[in-house]
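Visitor: Could you take me through this structure slowly, and tell me on what grounds each descriptive word is used?
Guide: Gladly; let us look at it together, one term at a time.

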Amino acid sequence: MVHAPVLLAEVLNLMNIEPGGHYVDATFGRGGHSKAILKNLDSNGRVTVFDRDPEAIAVAHSLSKDDCRVRVRHSQFSMMGQYADLAAGEIDGILFDLGLSSPQIDDRNRGFSFKVDGPLDMRMDPANDMSAREWINSAPEREISDVLWKYGEERASRKIAKVITEQRKVAPITSTSSLAKLIRGCTRFNRSKIDPATKSFQAIRIHINNELVEIENGLESAIKLLKLGGRLLVISFHSLEDRIVKHRFRDLDYIARESAKDNSQQIPSFRLVKPRLIRASMDEKKINPRSRSARLRSIERCL
Ligand SMILES: C[S@@+](CC[C@H](N)C(=O)[O-])C[C@H]1O[C@@H](n2cnc3c(N)ncnc32)[C@H](O)[C@@H]1O
């Protein structure tokens, strides 16, 4: 199970890599971006990598065994500010490549995909308390419909939540295929269009992994770590993620321009590296379908 890193050339270009610098890969996955950054570093350079998934962390450990420039942290990226070797104002560049890796989606046992049958799980870190199975079989109907609406923008959220709560009185919903079947039964399934289970599966995954709060907190931690000239790059895959990144980056850029008018204010300031988001080229989209929805945004600390 492989994972092709998206927007790799664009990330390397925007990161403006210093050979002896210290970089953070907040979402190691299978290390495609980390390995490319390492190739641009000399022996003084360092890459600290985070992932909450133990399978990704096992791959990271095998990389760090052969390369002493790599440090591995099995942790949520929102916790990056808690590590003593990641001091505020000392990091040259940080990358977030959000969402799931291909191995997570492709492994039916992780329960992320509605395309194959597997246990209903969806935890990025299987040590976390609540699996999708536990949640679907215990949450109040109203909570389920709110999650499907809020994180999936699913118009049939109420109907789907009702069907789920009725079905689980008969027997618990334990597999991805049984949940997908219930959802498909609530909406009109047109084979030429997107599978009706897509939005609900996205919503449940976001809820189970608390993904949007993680992004908000992860960005705040990362911003504090950047040194002068350091850059923060974020690749997102859907509008809910991208909205958080876009608004926070624009706010920071605005605050910097406002405080520049008042010379007495010497607070850390940030500017947008590119005013617009960057998307994958046609060539990359052809080779790697995951890149079709990828959006890259970046800021630089400039004071
Ligand atoms: C799209 S993949 C990254 C792929 C990677 N850039 C590569 O080239 O192989 C996203 C990874 O981020 C991890 N992840 C997602 N949210 C996280 C969080 N809040 N904290 C730590 N890791 C997270 C996932 O477990 C997954 O392995």
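Visitor: How far apart do the C-alpha centres of domain 1 and domain 2 lie?
Guide: The C-alpha centres of domain 1 and domain 2 are separated by 32 Å. The domain assignment gives domain 1 as 8–102 + 211–301 and domain 2 as 129–208, with bounds that come from an automatic or database domain assignment. Please keep in mind that this is a predicted model, in which local features need pLDDT of at least 70 and side-chain atom pairs count only at pLDDT 80 or more, while totals for chains, interfaces and linings use all residues. Residues are numbered from 1 along each chain as its sequence is written.

Visitor: What makes helix 6 oblique to helix 7?
Guide: The axes of helix 6 (residues 141–152) and helix 7 (residues 157–170) come within 8 Å and cross at roughly 140 degrees. Angles under 35 degrees count as roughly parallel, over 145 as roughly antiparallel, 65 to 115 as roughly perpendicular and the rest as oblique, and that makes helix 6 oblique to helix 7. The angles run from 0 to 180 degrees between N-to-C directions, and the axes are lines fitted to C-alpha atoms, for helices over the stretch in contact. Helices (H or I, at least four residues) and strands (E, at least two) are DSSP runs, numbered from the N terminus.

Visitor: Why are helix 1 and helix 2 called oblique to each other?
Guide: Helix 1 (residues 8–15) and helix 2 pack with their axes 11 Å apart and at an angle of about 45 degrees, and they are therefore oblique to each other. Their crossing is right-handed, a word used if the near helix is turned clockwise from the far one by less than a right angle, whereas anticlockwise would be left-handed.

Visitor: How do you know that R155 is exposed?
Guide: A residue is buried if 20 or more other C-beta atoms, placed from the backbone, lie within 10 Å of its own, exposed if 12 or fewer, and partly exposed in between. R155 has 12 other C-beta atoms within 10 Å, so R155 is exposed. R155 is found in the loop between helix 6 and helix 7.

Visitor: And why does G89 count as exposed?
Guide: G89 has 12 C-beta neighbours inside 10 Å, and therefore counts as exposed. G89 sits in the loop between strand 3 (70–74) and strand 4 (91–97), and from C-alpha to C-alpha G89 is 9.2 Å from P268, although the two are 179 residues apart in sequence.

Visitor: Why is N16 described as partly exposed?
Guide: N16 has 15 other C-beta atoms within 10 Å, which is why N16 is partly exposed. N16 lies in the loop between helix 1 and strand 1 (22–25), and N16 has a positive phi of about 55 degrees although it is not a glycine.

Visitor: What makes D66 exposed?
Guide: With 7 other C-beta atoms within 10 Å, D66 is exposed. The place of D66 is in helix 3 (residues 54–66).

Visitor: Which residues are closest to the ligand?
Guide: The closest are P5, T27, G29, G32 and D97, out of 21 residues that surround the ligand. Helix 2 (32–39) and strand 2 (46–51) are the elements that give two or more residues to this shell, where a residue is near the ligand if its C-beta atom, placed from the backbone, lies within 6 Å of it.
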